[in-house]
Amino acid sequence: MLPHVKKAVTDNPKKVADLIDLINLPTVLRDFMGQSQSSQLNCFKRVWSYIKDNNLQDPLNKNFVNCDPKLKSILLGKSKVDLAELPMLVKLHFPKKAK
């Protein structure tokens, strides 16, 4: 394991657990993922793969994604999304855990 990854895992075990815990997905995300349970990290990876497989990155500015109807359904209906927003938009589908 890379040293900076190992440090992140040991310093923030709760945050890492939130990323990898399986949850029951809401209907919209379930339809996109094709499965009823997934982790937040796996959902983000699937969204990113979908973007790459379907060439949805803006050809003029790779920092933006041009959403097709399927991607719009999980990204609040946005037609264009900044890559920096992507993790936050995926995270919105996951319930907040009580502290």
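1. Patches are built from residues with over 30% relative accessible area and no salt bridge, like charges being joined within 9 Å and nonpolar side chains (Val, Leu, Ile, Met, Phe, Trp, Tyr) within 5 Å. Accessible areas come from the Shrake-Rupley method with a 1.4 Å probe, and for residues only the protein chains shown count as cover. On these terms Leu76, Met88 and Leu92 make up a nonpolar surface patch, with a joint accessible area of about 310 Å². Leucine 92 sits in the segment that follows α6 (86-91).

2. The model is predicted: local features need pLDDT of at least 70, side-chain atom pairs count only at pLDDT 80 or more, and totals for chains, interfaces and linings use all residues. Residues are numbered from 1 along each chain as its sequence is written, and side-chain values use heavy atoms, with hydrogens and water left out.

3. Overall make-up. The chain contains 6 helices and 4 strands, in the order α-α-β-α-β-α-β-α-β-α along the sequence. Helices (H or I, at least four residues) and strands (E, at least two) are DSSP runs numbered from the N terminus. The chain has 99 residues, of which 27% are buried; buried means under 20% relative accessible area, exposed over 50%, and partly exposed in between (1.4 Å probe, protein chains only). About 6800 Å² of the chain is exposed, and 58% of that is supplied by carbon and sulfur atoms. Among contacts in the chain with a separation of 6 or more, 28% are between residues 24 or more positions apart; contact means heavy atoms within 4.5 Å.

4. Salt bridges. A salt bridge is a side-chain nitrogen of Lys or Arg within 4 Å of a carboxyl oxygen of Asp or Glu, and by this rule there are 2 salt bridges. In one of them, the side chains of lysine 80 and aspartate 58 meet at 2.7 Å, N to O. Lysine 80 belongs to strand β4 (residues 80-82) and aspartate 58 to the loop between α4 and β3, so the pair ties together parts 22 residues apart in sequence. The relative accessible area of aspartate 58 is 9%, so this residue counts as buried. Lysine 80 is partly exposed because its relative accessibility is 42%.

5. Glutamate 85 also forms a salt bridge, with lysine 78, and the closest N and O atoms are 2.8 Å apart. Glutamate 85 is partly exposed at 23% relative accessible area, and lysine 78 is partly exposed at 28% relative accessibility.

6. What surrounds glutamine 57 in the loop between α4 (40-53) and β3 (64-66)? Leaving aside neighbours within four places in sequence, glutamine 57 is in contact with Trp48, Ile51, Lys52, Lys62, Phe64, Val65 and Leu83. A polar contact is a pair of N or O atoms within 3.5 Å; within protein, one must be able to donate a hydrogen and the other to accept it, and residues adjacent in sequence count only if both atoms are side-chain atoms. The side chain of glutamine 57 makes such a contact with the side chain of lysine 52 at 3.2 Å. A polar atom of the glutamine 57 side chain also lies 2.7 Å from the backbone oxygen of lysine 62. Glutamine 57 has a relative accessible area of 13%, and is therefore buried.

7. Valine 47 is located in helix α4 and is buried at 0% relative accessibility. Apart from neighbours within four places in sequence, valine 47 is in contact with Phe32, Leu71, Ile74, Leu86 and Val90. Methionine 33 is 14 residues from valine 47 in sequence, and their C-alpha atoms are 8.5 Å apart.

8. Serine 38 is part of strand β2 (residues 37-38) and is buried, with 1% relative accessibility. The serine 38 side chain makes a polar contact with the side chain of asparagine 42 at 3.1 Å. With neighbours within four places in sequence set aside, the contacts of serine 38 are Asp21, Leu22, Ile23, Leu25, Met33, Cys43 and Phe94. Of these, isoleucine 23 is 15 residues away in sequence and 5.7 Å away in space, C-alpha to C-alpha.

9. Cysteines. Cysteine 43 is buried at 0% relative accessibility, and cysteine 67 is buried with a relative accessible area of 11%. How many disulfides does the structure hold? The count is 0 disulfides, a disulfide being a pair of cysteine sulfur atoms within 2.5 Å.
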